[in-house]
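Please walk me through this protein model, from its overall layout down to individual residues, and give the cut-offs behind each term as it comes up.

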Amino acid sequence: MNDTDLPKINIQETCLNIMRLMRQNHIDSYDLMMKLHYSSPTNIYYWKNGRNIPSTDNLVKLAYIFGCDIADILVIDYPEGASK
């Protein structure tokens, strides 16, 4: 089994999901920064721009803030023919 046989997180689509959830919940970058107790919105801008994705701990926090499951935030790409 090689790396292409395994599921992976689609970073770009996950970041689009975060932005969609922010819009749906009427939360802007500053609001999210305050809710996460960040001193700067840098990480949030990285998430929004697809530079990286939130840590596992931050995914738990985002799911709580957005009122959803972590699975509703992450977009997973599965190899062809793989079961989910």
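The paragraphs below go from the whole chain to single residues.

This is a predicted model, in which local features need pLDDT of at least 70 and side-chain atom pairs count only at pLDDT 80 or more, while totals for chains, interfaces and linings use all residues. Residues are numbered from 1 along each chain as its sequence is written, and side-chain values use heavy atoms, with hydrogens and water left out.

The protein chain has four helices and two strands, where helices (H or I, at least four residues) and strands (E, at least two) are DSSP runs numbered from the N terminus. Read from the N terminus on, these elements follow the order β-α-α-α-α-β. Taken along the principal axes, the C-alpha atoms of the protein chain fill a box of roughly 45 × 25 × 20 Å. With contact meaning heavy atoms within 4.5 Å, residues 24 or more positions apart account for 62% of those contacts in the protein chain that have a separation of 6 or more.

The accessible surface of the protein chain comes to about 5700 Å², and 50% of this surface belongs to carbon and sulfur atoms; such areas come from the Shrake-Rupley method with a 1.4 Å probe, and for residues only the protein chains shown count as cover. Of the 84 residues of the protein chain, 31% count as buried, a class that means under 20% relative accessible area, with exposed meaning over 50% and partly exposed lying in between (1.4 Å probe, protein chains only).

Two buried residues of helix α4 give a view of the interior. L59 lies in helix α4 and counts as buried because its relative accessible area is 7%. Setting aside residues up to four places away in sequence, L59 touches P54, I70, I73 and L74. Its C-alpha atom is 16 Å from that of S29, a residue 30 positions away in sequence. N58 also has its place in helix α4, and its relative accessible area of 11% is why N58 is classed as buried. When neighbours within four places in sequence are left aside, N58 is in contact with L36, Y38 and W47.

Helix α1 (residues 11-24) offers a further buried position, C15, which is assigned to that class because its relative accessible area is 1%. Not counting residues up to four places away in sequence, C15 touches W47, K48, G50, N52 and I53. S29 serves as a reference point here as well, since C15 and S29 are 14 residues apart in sequence and 13 Å apart in space, C-alpha to C-alpha.

What charged pairing does the structure hold? There is one salt bridge, the term standing for a side-chain nitrogen of Lys or Arg within 4 Å of a carboxyl oxygen of Asp or Glu. K61 forms this bridge with D57, and the closest N and O atoms are 3.2 Å apart. Both residues lie in helix α4 (residues 56-66), four residues apart, which is about one turn of the helix. K61 counts as partly exposed because its relative accessibility is 36%, and D57, at 47%, counts as partly exposed too. For the protein chain as a whole, the mean positions of the 8 positive and 10 negative charges are 7 Å apart; Lys and Arg count as positive and Asp and Glu as negative, while His and the chain ends are not counted, and the place of a charge is taken as NZ of Lys, CZ of Arg, CG of Asp or CD of Glu.

The surface also carries a nonpolar patch of about 290 Å², made by I9, I11, I76 and Y78. Patches are made of residues with over 30% relative accessible area and no salt bridge, with like charges joined within 9 Å and nonpolar side chains (Val, Leu, Ile, Met, Phe, Trp, Tyr) within 5 Å. Of the patch members, I11 lies in helix α1 and counts as partly exposed because its relative accessibility is 35%.

Two histidines in loops deserve a look at their backbone angles. Most residues other than glycine have a negative phi. H26, in the loop between α1 and α2, has a positive phi near 55°, and H37, in the loop between α2 (29-35) and α3 (42-48), has a positive phi near 60°. H26 counts as exposed because its relative accessibility is 71%, and H37 counts as exposed at 71%. The C-alpha atoms of H37 and L6, 31 residues apart along the chain, are separated by 35 Å.
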